[in-house]
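Good morning, and thank you for the opportunity to speak. Today I shall discuss two topics, salt bridges and a pocket, in one structure. Please look at the sequence and the model as they appear.

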Amino acid sequence: MEGKVSLWRLFGVFSKIGAFTIGGGYAMIPVVGREMTDRGWMREDEFEDVVVLAQSAPGLLAVNMAIYAGYRLRGTRGSIVATLGAVLPSFLAIILIAGVLANFKDNEVVRRIFQGVRPTVIALILVPAIRLARRGNKTWWMWALTILTIALVAFLKFSPLWIIIAVMALSAGVTLLAEGKKR
């Protein structure tokens, strides 16, 4: 893929994503995925890898997706350009909004507008999560692990970091046991 997409085109696509995706992070997943796959820049399975890697790395999900997708398409320059494209519109919008809304922060209409946008952002977060679960959970125990993780994080306030570490250790142990039985 490297070299096929111009840096300006990459910047334009990620600027559009950054400018028109309310909620950032998880809300950007379906938009970035559609842009990458519809343009033929990535296959769906490649984009799923982008999401997994972006979520595994420290930092903001949207920035990590831009870095990795840009790198896949145009190397280091692509990662820088995609990241600037994804971040710059939000940065400029926040500066503008902060300046304007400082005068309207207690305005009832403004407060209700933001309340009205919340359900849409929640839906934009849930849709890619459900798609990833349906594609990634191939066995009953994967579904059980997904449900257990949701319960632990949402209701019992477990740290996702400890869950990931525990699952990695468990997966390594199961794999080593299976390898030992084969010998």
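Let me begin with Arg-135, which is partly exposed, having a relative accessible area of 35%. Please bear in mind throughout that this is a predicted model.

Which residue does Arg-135 meet in a salt bridge? The partner is Glu-48, and the two side chains come to 2.7 Å, N to O. Glu-48 belongs to helix 3 while Arg-135 belongs to helix 5, so this pair ties together parts that are 87 residues apart in sequence.

Salt bridges can also share partners, and in this model such sharing joins Arg-43, Asp-45, Glu-46 and Arg-72 into one network. Within that group, I would draw attention to Asp-45 and Arg-43, whose side chains meet in a salt bridge at 3.1 Å, N to O. Asp-45 has a relative accessible area of 39% and is therefore partly exposed. Arg-43, at 49% relative accessibility, also counts as partly exposed; the limit above which a residue is called exposed is 50%.

A further pair is Glu-35 and Arg-39, which form a salt bridge with their closest N and O atoms 2.7 Å apart. Is Glu-35 buried or exposed? Its relative accessibility is 13%, so Glu-35 counts as buried, because buried means under 20% relative accessible area. Its partner, Arg-39, has 28% relative accessibility and so counts as partly exposed. For the structure as a whole, the search finds nine salt bridges.

I now turn to the second topic, the pocket. The largest pocket has a volume of about 1600 Å³. It is lined by 31 residues, and those closest to its centre are Gln-55, Leu-132, Thr-146, Thr-149 and Ile-164.

Which elements give two or more residues to this lining? They are helix 2 (25-38), helix 3 (44-56), helix 5 (108-136), helix 6 (140-154) and helix 7 (160-182). Among these contributors, helix 6 gives the most, with 10 residues. Helix 3 and helix 5, which contribute to the lining, are also the helices that hold Glu-48 and Arg-135 respectively.

What is the make-up of the lining by class? There are 24 nonpolar residues, six polar residues and one charged residue.

To close, I would ask you to locate two features in the model: the salt bridge between Glu-48 and Arg-135, and the part of the pocket lining that comes from helix 6. Thank you for your attention.

How values were computed
Residues are numbered from 1 along each chain as its sequence is written. This is a predicted model: local features need pLDDT of at least 70, side-chain atom pairs count only at pLDDT 80 or more; totals for chains, interfaces and linings use all residues. Side-chain values use heavy atoms; hydrogens and water are left out. On a 1 Å grid over the protein atoms alone, a cavity is a set of points where a 1.4 Å probe fits but cannot get out, and a pocket is an open set with protein on both sides within 12 Å along at least five of seven lines; lining residues have an atom within 4 Å of a point. Grid points are joined across faces, edges and corners, and a volume is the space filled by probe spheres set on the points. Helices (H or I, at least four residues) and strands (E, at least two) are DSSP runs, numbered from the N terminus. Ala, Val, Leu, Ile, Met, Phe, Trp, Tyr, Cys and Pro count as nonpolar, Asp, Glu, Lys and Arg as charged, and the others, Gly among them, as polar. A salt bridge is a side-chain nitrogen of Lys or Arg within 4 Å of a carboxyl oxygen of Asp or Glu. Buried means under 20% relative accessible area, exposed over 50%, partly exposed in between (1.4 Å probe, protein chains only).
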